[in-house]
Amino acid sequence: MQQIQIVKSYLGRHLQVLFASLGSMRRTPMPSINTILVIAITLLLPCALYVAIKSAQSLSGDWQGRPQISIFMQTNLPAAESQLIFEELRLHPVIELAELITPKQALDEFRSMSAIGFEIDFLDENPLPASVVVMPNSENISSEALLKLKQELAAIDGIDSIRLDLDWTDRFNAILGSAVRIATLLSALLAIALILIVSNTIKLLILNRRQEIEITRLVGGSNAFVRRPFLYYGLLFGAFGAIVTLLLMSLASKLIEEPLSSLANLYQKESLLYALSTTEILTIILIGGVLGWLAAQWSVTQHLWKIKPQ
């Protein structure tokens, strides 16, 4: 029972300090709003980069964004056997999409795209074999997975050759990997900038409340008691800044949604922009609050010990 009372008392003190910090921020709206806006703008770039990378990864999962594998049947293979091979490929667990191109379809396409379409009519027979264009699922688009799939498909009877273009895949993965590293580096630098911003704000709050801190220490206030309000200031600044960042991202997505709608239709998607999940939204707010808390902790450690009762 006594332990429960201790916990209730501990939580009560923290809630009291939290609401007192909120009240203090409300009494000085302009400095608080300015700090929150600066934090929001600082968080906006890494969050926007995260959404852009997730959108690119999602886009790469579409038919137009994934590498194609062209499988050519043996020449003069009966149509029934070509159909059986196609059904086997279509049911393969790694292959998501498959399209059968008959010899006649291949010849018609060649005739329409070639400058020698008239001469093709003089051929005694169609020299083009049946082929199948397949698309692996999004979990198997790495170079290693595609090469393994190519070796597996080459062992099927009736398949003459397989063409796999890994250059596009390697280029895309390299670009995406570079973007992830650049985004991580920028996020780290901006996190440091955010800590410096909040730290400087907390420093000014400490200096403005110097006399209050001195009196508190004269009457026996502990370091933890003196430090606690400033930690909550940092937590609130960071959390509110993250919330404003999410609002700015939502506004920006509304502004660019219409220009991207026509492009999204080409990819048969409702939207090209990645939508943050509830977990990701809460994570961004948590990251903002934690960074603000750490910045306040660092600032308090640096400046609070200098203030001593006279």
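## A walk around the model

Start with the whole chain: of the 310 residues in the protein, 35% are buried (under 20% relative accessible area with a 1.4 Å probe, protein chains only; exposed is over 50%, and partly exposed is in between). This is a predicted model, where local features need pLDDT of at least 70, side-chain atom pairs count only at pLDDT 80 or more, and totals for chains, interfaces and linings use all residues. Residues are numbered from 1 along each chain as its sequence is written, and side-chain values use heavy atoms, leaving out hydrogens and water.

Switch to a cartoon view to find 10 helices and four strands, which are DSSP runs numbered from the N terminus (helices H or I, at least four residues; strands E, at least two).

Next, select helix H3, residues 79–90. Which residues of H3 are buried? They are Ser82, Ile85, Phe86 and Leu89. These cover an arc of only 100° around the axis, so they sit on the same side of H3; the arc is taken from the directions from the helix axis to the C-beta atoms. An α-helix has 3.6 residues a turn, so residues three or four places apart point the same way. Turn to the face away from the buried side, and you meet the exposed Ala80 and Leu84.

Now show what covers the buried residues of H3: strand S1 (69–73), strand S2 (95–101) and helix H6 (143–154) are among the elements there.

Finish at helix H7, residues 166–208, which supplies six residues, the largest share of a nonpolar patch. Pick Leu189 in H7: its 47% relative accessibility is why Leu189 counts as partly exposed.

How values were computed. Expected span 1.5 Å × (residues − 1). Contact = heavy atoms within 4.5 Å.
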